[in-house]
Amino acid sequence: MRGGPTPAWLLPALAGVFCFAVVLVASDGYPRGDPHAHFRNPEHCLKCHLTHQGRMDPDRFSVETDAVCLGCHKKESLGRSHPRNVRPREKYRKMKIPPDFRLDDDGRIMCLTCHTAHGAYVSTVKVFPKQSPFPSDSSGGPYYKTLFLRRSNPREGWSSLCGACHENL
Ligand code: HEC
Ligand code: HEC
Ligand code: HEC
Ligand code: HEC
């Protein structure tokens with residue numbers, strides 16, 4: 001599904017795939033389910049995705065997705081703070097944003113610029129060197145929280161995430 005826009009006619013079929021995925025994750029032996037499984041509920045698609053000519057466009061995002069996140073995650077308890085609400089592609093910034101780092105429909109940074117919506121909750125790969133495994137009562141693993149980050153590296157942590165936009169940090 002990566003690379004290039006998904007044809008709109010495929011979306012009803014994909015919605016089916018996502019619903020199926022919920023079942024798979026829940027019975028996958030992963031410790032606790034994905035806390036964001038509700039994103040795959042068909043009622044919630046349009047909280048993030050915009051429609052074009054009556055069909056969902058998987059590549060355009062509402063300017064209100066941050067409010068969705070902040071409905072559950074208190075601002076004070078977030079990880080590092082970072083300016084959102086800025087348009088990195090504005091000419092004077094000359095910042096190149098990798099295409100998988102989505103911006104909202106107004107070209108601004110949102111929570112989902114750095115965090116995936118449909119990514120896995122846990123992985124067998126660490127997100128940073130000293131990460132402790134996710135407590136697991138099932139076989140397999142150890143599993144680590146991905147923190148839904150678009151980039152991470154078990155040796156350097158999330159500097160690869162920052163480095164995707166910032167050349168020198
Ligand atoms: C919380 C916001 C949010 C919700 C809710 C959401 N999406 Fe997405 N969707 C995204 C983002 C952001 C991406 C970009 C890839 C990613 O972050 O995983 C995306 C990507 C996609 C893609 C492109 C595939 C890809 O991996 O690039 C499809 C198709 C899609 N979503 C369908 C859906 C459907 C169908 C629903 C409802 C069942 C839904 N989405 C619910 C935010 C959301
Ligand atoms: C309906 C409530 C709800 C919404 C909406 C929601 N989350 Fe979460 N999220 C959770 C829960 C529950 C967890 C599991 C960790 C916990 O209990 O704090 C979690 C985990 C996470 C984590 C991993 C951190 C960890 O310790 O597990 C990140 C990152 C995250 N959410 C970001 C987001 C972003 C970005 C959005 C908006 C697109 C969002 N969340 C929307 C409930 C929500
Ligand atoms: C510039 C990238 C970026 C943006 C934008 C961003 N985050 Fe994060 N977020 C991170 C990184 C990196 C971490 C892991 C490091 C840390 O915890 O400081 C993280 C951690 C988190 C965690 C886990 C905190 C913890 O320690 O358990 C949550 C929850 C979260 N972010 C939610 C959000 C929400 C909600 C928004 C939007 C309001 C948001 N993030 C915007 C990069 C980002
Ligand atoms: C999607 C691209 C993108 C990613 C990923 C990103 N940044 Fe940024 N960052 C920006 C933009 C755009 C600005 C300019 C904000 C402004 O002009 O106010 C910025 C500004 C900053 C600033 C200056 C803050 C200020 O208040 O002036 C710091 C520090 C920073 N980023 C650190 C980070 C770190 C650390 C990470 C990784 C966790 C990160 N950035 C990831 C785009 C990004």
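## Ligand shells and salt bridges in a predicted model

A nitrogen atom of ligand 3 sits 2.9 Å from an N or O atom in the side chain of His 115. The elements that contribute two or more residues to the shell around this ligand are helix 3 (65-70) and helix 4 (111-114). The structure discussed here is a predicted model, and the distances below should be read with that in mind.

His 115 also has a second role in the description of ligand 3, since the iron atom of this ligand has a single donor from the protein, the NE2 atom of His 115, at 2.1 Å. In the chain, His 115 is placed in the loop between helix 4 and strand 3 (122-123). Altogether, 17 residues surround ligand 3, and the closest are Arg 80, Cys 111, Cys 114, His 115 and Trp 158. Sorted by class, this shell consists of 11 nonpolar, four polar and two charged residues.

Ligand 1 has its own shell, which is made up of 20 residues, with Cys 45, Cys 48, His 49, His 118 and Arg 150 as the closest. At least two residues of that shell come from each of helix 1 (11-26), helix 2 (45-48) and strand 2 (55-61). By class, the shell around ligand 1 contains 12 nonpolar, five polar and three charged residues.

Several polar approaches to ligand 1 can be described atom by atom. A nitrogen atom of the ligand has a polar side-chain atom of His 49 at 2.7 Å, while an oxygen atom of the ligand lies 2.8 Å from a polar side-chain atom of Arg 150. The backbone takes part as well, for a polar backbone atom of Ala 117 is 2.9 Å from an oxygen atom of ligand 1.

Turning to charged pairs within the protein, the structure holds six salt bridges. Side chains of opposite charge can pair when their charged atoms come close. Among the six are the pairs listed here, each with its N to O distance.

| Salt bridge | N to O distance |
|---|---|
| Arg 40 and Asp 34 | 2.8 Å |
| Arg 60 and Asp 105 | 2.8 Å |
| Asp 100 and Arg 151 | 2.7 Å |

How do the partners in these pairs stand with respect to the surface, and which parts of the chain do they join? In the pair formed by Arg 40 and Asp 34, Arg 40 counts as buried because its relative accessibility is 12%, under the 20% limit for that class. Asp 34 likewise has a relative accessibility of 12% and therefore counts as buried.

The salt bridge between the side chains of Arg 60 and Asp 105 links distant parts of the chain, with Arg 60 in strand 2 and Asp 105 in the loop between helix 3 and helix 4, 45 residues apart. Arg 60 is partly exposed at 30% relative accessibility, and Asp 105 is also partly exposed, with a relative accessible area of 39%.

The side chains of Asp 100 and Arg 151, which meet in a further salt bridge, again connect distant parts of the chain: Asp 100 belongs to the loop between helix 3 and helix 4, whereas Arg 151 lies in the loop between strand 4 (144-145) and helix 5 (159-163), 51 residues apart. At 24% relative accessibility Asp 100 counts as partly exposed, and Arg 151, with a relative accessible area of 25%, is partly exposed too. Finally, Arg 87, Asp 106 and Arg 108 are joined into one network by salt bridges that share partners.

Note on methods. Residues are numbered from 1 along each chain as its sequence is written. Chains are lettered from A and ligands numbered from 1 in the order in which they are written. This is a predicted model: local features need pLDDT of at least 70, side-chain atom pairs count only at pLDDT 80 or more; totals for chains, interfaces and linings use all residues. Side-chain values use heavy atoms; hydrogens and water are left out. A residue is near a molecule or strand if one of its heavy atoms lies within 4 Å of it. A polar contact is a pair of N or O atoms within 3.5 Å; within protein, one must be able to donate a hydrogen and the other to accept it, and residues adjacent in sequence count only if both atoms are side-chain atoms. Helices (H or I, at least four residues) and strands (E, at least two) are DSSP runs, numbered from the N terminus. Ala, Val, Leu, Ile, Met, Phe, Trp, Tyr, Cys and Pro count as nonpolar, Asp, Glu, Lys and Arg as charged, and the others, Gly among them, as polar. Donors are N, O and S atoms within 2.8 Å of the metal (3.2 Å for Na, K and Ca); water is not among the atoms, so sites may look incomplete. A salt bridge is a side-chain nitrogen of Lys or Arg within 4 Å of a carboxyl oxygen of Asp or Glu. Buried means under 20% relative accessible area, exposed over 50%, partly exposed in between (1.4 Å probe, protein chains only).
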